[in-house]
Amino acid sequence: MPFPVPARRLVGLALSLVVLASPVWAKPGPAVRAWLSDFVTRIDAADRAGGRPGSGRRGGTVVVHVEIAPDGALQRVEVERSSGVRDLDRRALRAVRNAGPLSAPPAGLLGIAGVADLSIPVVLGR
């Protein structure tokens, strides 16, 4: 089932992300889907709040690597795959960092180290 995503601007997060997060299980449960959907919504809201609309604003995709503690604290946020545009990469990092604090991730997202280790394709519009 796809995530509901605002039509005006997409912050992409495919269900395949869940597979990247935890290869132990094949199909995410409703708690995992709801938590990830909330995270995506928060990233989009943070980007909108921090943005200055205008014609100089670029769009593109940045894959952001995030480690999230069991309590929902963002422990590590870094660019995993750049968009090729430095300002866009910074914008994606800022949006992800400002999406917190998060609720505790569901147990299904926590890896052996006790953290949720996610690769998130952040698709930013203008």
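**Exercise 1. Describe the sheet: its strand order, its edges and the turn between neighbouring strands.**

Step 1. In this predicted model, 3 strands make up an open sheet, arranged in the order S2-S1-S3 with antiparallel pairing.

Step 2. S2 and S3 are the edge strands, since each of them pairs on one side only.

Step 3. On average, neighbouring strands of this sheet are turned by 25 degrees against each other, direction ignored.

Step 4. Two helices lie against this sheet. H2 packs on the sheet and touches S1, S2 and S3, and its direction makes about 45 degrees with that of S3. H3 also packs on the sheet, touching S1, S2 and S3, with a direction at about 40 degrees to that of S1.

**Exercise 2. Follow strand S1: state how many of its residues are buried, and list its bridges to S3 and to S2.**

Step 1. Strand S1 covers residues 60-68 and is mostly covered, with 7 of its 9 residues buried. Buried here stands for under 20% relative accessible area.

Step 2. Toward strand S3 (residues 116-124), S1 forms 9 bridges, and the two run antiparallel. One point to locate in the structure is Val63, which stands opposite Pro121 in S3.

Step 3. Toward strand S2 (residues 74-81), S1 forms 6 bridges, again in an antiparallel arrangement. Here Val66 stands opposite Val77 in S2, and Ile68 has Leu74 of S2 as its bridge partner.

Step 4. The hairpin of S1 and S2 has 5 residues between the strands, and in it Gly72 takes a positive phi near 95 degrees.

**Exercise 3. Classify the packing of H2 against H3 by angle and axis distance, then give the hand of the crossing and the residues that meet.**

Step 1. The description of two packed helices rests on the angle between their axes and the distance between the axes.

Step 2. Helix H2 (residues 30-50) and helix H3 (residues 86-98) pack at an angle of about 120 degrees, and their axes are 8 Å apart. H2 is therefore oblique to H3. The cut-offs behind this step are 65 to 115 degrees for roughly perpendicular and over 145 for roughly antiparallel.

Step 3. The crossing of H2 and H3 is right-handed.

Step 4. From H2, the residues Phe39, Ile43, Ala46 and Asp47 meet Arg91, Ala95, Val96 and Asn98 of H3. Sorted by type, the residues of this contact between H2 and H3 are 5 nonpolar, 1 polar and 2 charged.

Notes: Residues are numbered from 1 along each chain as its sequence is written. This is a predicted model: local features need pLDDT of at least 70, side-chain atom pairs count only at pLDDT 80 or more; totals for chains, interfaces and linings use all residues. Side-chain values use heavy atoms; hydrogens and water are left out. Axes are lines fitted to C-alpha atoms, for helices over the stretch in contact, and angles run from 0 to 180 degrees between N-to-C directions. Helices (H or I, at least four residues) and strands (E, at least two) are DSSP runs, numbered from the N terminus. Angles under 35 degrees count as roughly parallel, over 145 as roughly antiparallel, 65 to 115 as roughly perpendicular and the rest as oblique. A crossing is left-handed if the near helix is turned anticlockwise from the far one by less than a right angle, and right-handed if clockwise. Contact means heavy atoms within 4.5 Å. Ala, Val, Leu, Ile, Met, Phe, Trp, Tyr, Cys and Pro count as nonpolar, Asp, Glu, Lys and Arg as charged, and the others, Gly among them, as polar. Buried means under 20% relative accessible area, exposed over 50%, partly exposed in between (1.4 Å probe, protein chains only). Two strands pair if DSSP finds at least two bridges between them.
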